Amino acid sequence: AVVSTQSTGAMWLLNVAVITLVLYLLSFVSKHVNYMCKMFSYSFVFLILAVVHMIYCPFFPKNRDNTYTLAPLFYHLSKFFLGISVEAEGTEHLESYEGGYILCPNHQSSLDTMCIARIWPHRAIILMKRSLLYVPFFGWAAYLSGHEFITRKSGASSEVRDHMNIINERIKNERLRVCVFPEGTRNKAFDGKMLPFKKGGFHMAQQCQAPIVPVVIYIPPSLYDGRKWVFNSGVIRMKVLEPISTVGMTPDDVTELTNTVQTKMQETLDELSKRA
């Protein structure tokens with residue numbers, strides 16, 4: 001019985017090895033197979049990190065530095081499996097201000113997560129839509145890591161307002177850094193243009209009188225383009241801009257602040273694309 005079990009296990013491992021080898025070879029001749037293999041590898045890294053978070057974080061439940069501790073592991077595993085590295089400029093701006101701030105990256109694809117992990121600062125969390133809390137493994141790991149989930153349903157404005165007031169107090173009192181993707185969703189057009197910015201994160205910054213730290217991510221179309229099944233190895237470029245102060249601003253200034261930040265970020269995105 002023991003020999004039979006060992007033989008079955010060996011055969012199973014051999015089948016997995018053969019399938020893996022076949023897919024690896026096919027990835028060189030079919031961009032569709034290559035794309036699916038890379039996406040599977042990236043999803044596998046997410047799963048590994050989610051499991052690691054669920055093992056590690058209960059010892060430090062909802063600690064704001066849980067992600068800071070584990071982000072390098074996510075980045076280096078992604079780099080290894082995907083053959084993609086991230087070159088980051090201006091990272092000194094992430095710690096140039098000792099207090100809390102709003103981290104404001106653009107959103108091009110799921111690879112943005114890898115990019116943000118490359119530069120993740122101390123005392124930082126992500127503001128996510130509440131539906132992500134119920135995504136198996138990912139949502140559980142994010143909850144244990146201290147990230148915040150907000151409700152976007154109509155009629156929940158009072159609940160959202162109370163929740164946001166708590167987060168605002170943490171920004172001021174705990175020097176919390178909150179990562180908000182101002183576009184709200186990924187730009188699936190892959191046209192090099194950012195989607196119109198939503199004002200939620202900028203209202204937070206104004207209410208806390210906390211600076212905004214823009215982060216611009218440029219992913220070359222030759223490296224990743226979901227519409228064309230392109231997913232290659234290469235280099236992603238990103239740049240952290242100087243913090244933009246909100247001291248003295250009122251709610252009436254939020255629209256201009258939003259437009260100013262988007263203009264600066266789009267100009268930087270255009271600059272990075274020309275350098276690629």
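Axes in these legends are lines fitted to C-alpha atoms, for helices over the stretch in contact, and the angles between N-to-C directions run from 0 to 180 degrees. The model shown throughout is a predicted one.

**View 1. Helices α7 and α8 cross obliquely.** Helix α7, which spans residues 200-208, packs against helix α8, residues 254-275, at an angle of about 120°, and the two axes lie 10 Å apart. Because angles over 145 degrees count as roughly antiparallel and those from 65 to 115 as roughly perpendicular, with the rest above that range oblique, α7 is oblique to α8. The crossing of this pair is right-handed. From α7 the contact draws on F202, H203 and Q206, and from α8 on V254, L257, T258 and V261. Sorted by class, the residues of this contact comprise four nonpolar and three polar, with no charged residue. Within α7 the buried residues are G201, F202, M204, A205, Q206 and C208, and just after the helix Q209 adopts a positive phi of about 55°.

**View 2. Helix α3 and the elements that cover its buried residues.** Helix α3 consists of 17 residues, 66-82, and extends 24 Å from its first C-alpha to its last, close to the 24 Å expected at 1.5 Å a residue. Its buried residues are N66, T67, L70, A71, F74, Y75, L77, S78 and L82. The cover over these buried residues includes the helices α2 (31-56), α4 (112-119) and α5 (138-144), together with the strands β1 (84-89) and β8 (230-231). Just after α3, G83 has a positive phi of about 70°.

**View 3. Helices α2 and α3 run roughly antiparallel.** The axes of α2 and α3 come within 10 Å of each other and cross at roughly 155°, an angle that makes α2 roughly antiparallel to α3. The crossing by which α2 passes α3 is right-handed. On the α2 side the contact is formed by K38, S41, Y42, F44, V45, F46, I48, L49, V52, H53 and Y56, and on the α3 side by N66, T67, T69, L70, L73, F74, L77, S78, F81 and L82. By class, this contact contains 14 nonpolar residues, six polar residues and one charged residue.

**View 4. Helices α3 and α4 meet in an oblique, left-handed crossing.** Here α3 and α4 pack at an angle of about 130°, with a distance of 8 Å between their axes, and the two helices are therefore oblique to each other. Their crossing is left-handed. The residues that make the contact are A71, F74, Y75, S78, K79 and L82 of α3 and T113, M114, A117 and R118 of α4. They divide into six nonpolar, two polar and two charged residues.

**View 5. The surroundings of T67 in helix α3.** T67 is found in α3 and has a relative accessible area of 12%, so that T67 counts as buried. Apart from neighbours within four places in sequence, T67 is in contact with H53, W120, S145 and H147. H53 also belongs to the α2 side of the contact between α2 and α3, to which T67 contributes from the α3 side. The C-alpha atoms of T67 and G146 are 8.5 Å apart in space, although these residues are separated by 79 residues in sequence.

**View 6. The surroundings of V86 in strand β1.** V86 has its place in strand β1, and its relative accessible area of 4% is the reason why V86 counts as buried. When residues up to four places away in sequence are not counted, V86 touches Y75, M114, C115, R118, I236 and M238. Among these, Y75 of α3 and both M114 and R118 of α4 also take part in the contact between those two helices. V86 and R118 lie 32 residues apart along the chain, and their C-alpha atoms are separated by 7.1 Å.

**View 7. The protein chain as a whole, for orientation among the close-ups.** The protein chain has eight helices and nine strands. Of its 276 residues, 43% count as buried. Among contacts in the protein chain with a separation of 6 or more, 75% are accounted for by residues 24 or more positions apart.

Key: Residues numbered from 1 in each chain as written. Predicted model: local features only at pLDDT ≥ 70, side-chain atom pairs only at ≥ 80, totals over all residues. Heavy atoms only, no water. Helix = DSSP H or I, 4+ residues; strand = E, 2+ residues; numbered from the N terminus. Expected span 1.5 Å × (residues − 1). Buried < 20%, exposed > 50% of the residue type's maximum accessible area, 1.4 Å probe, protein only. Contact = heavy atoms within 4.5 Å. Parallel < 35°, antiparallel > 145°, perpendicular 65-115°, else oblique. Left-handed = near helix turned anticlockwise from the far one by under 90°. Nonpolar A, V, L, I, M, F, W, Y, C, P; charged D, E, K, R; others polar.
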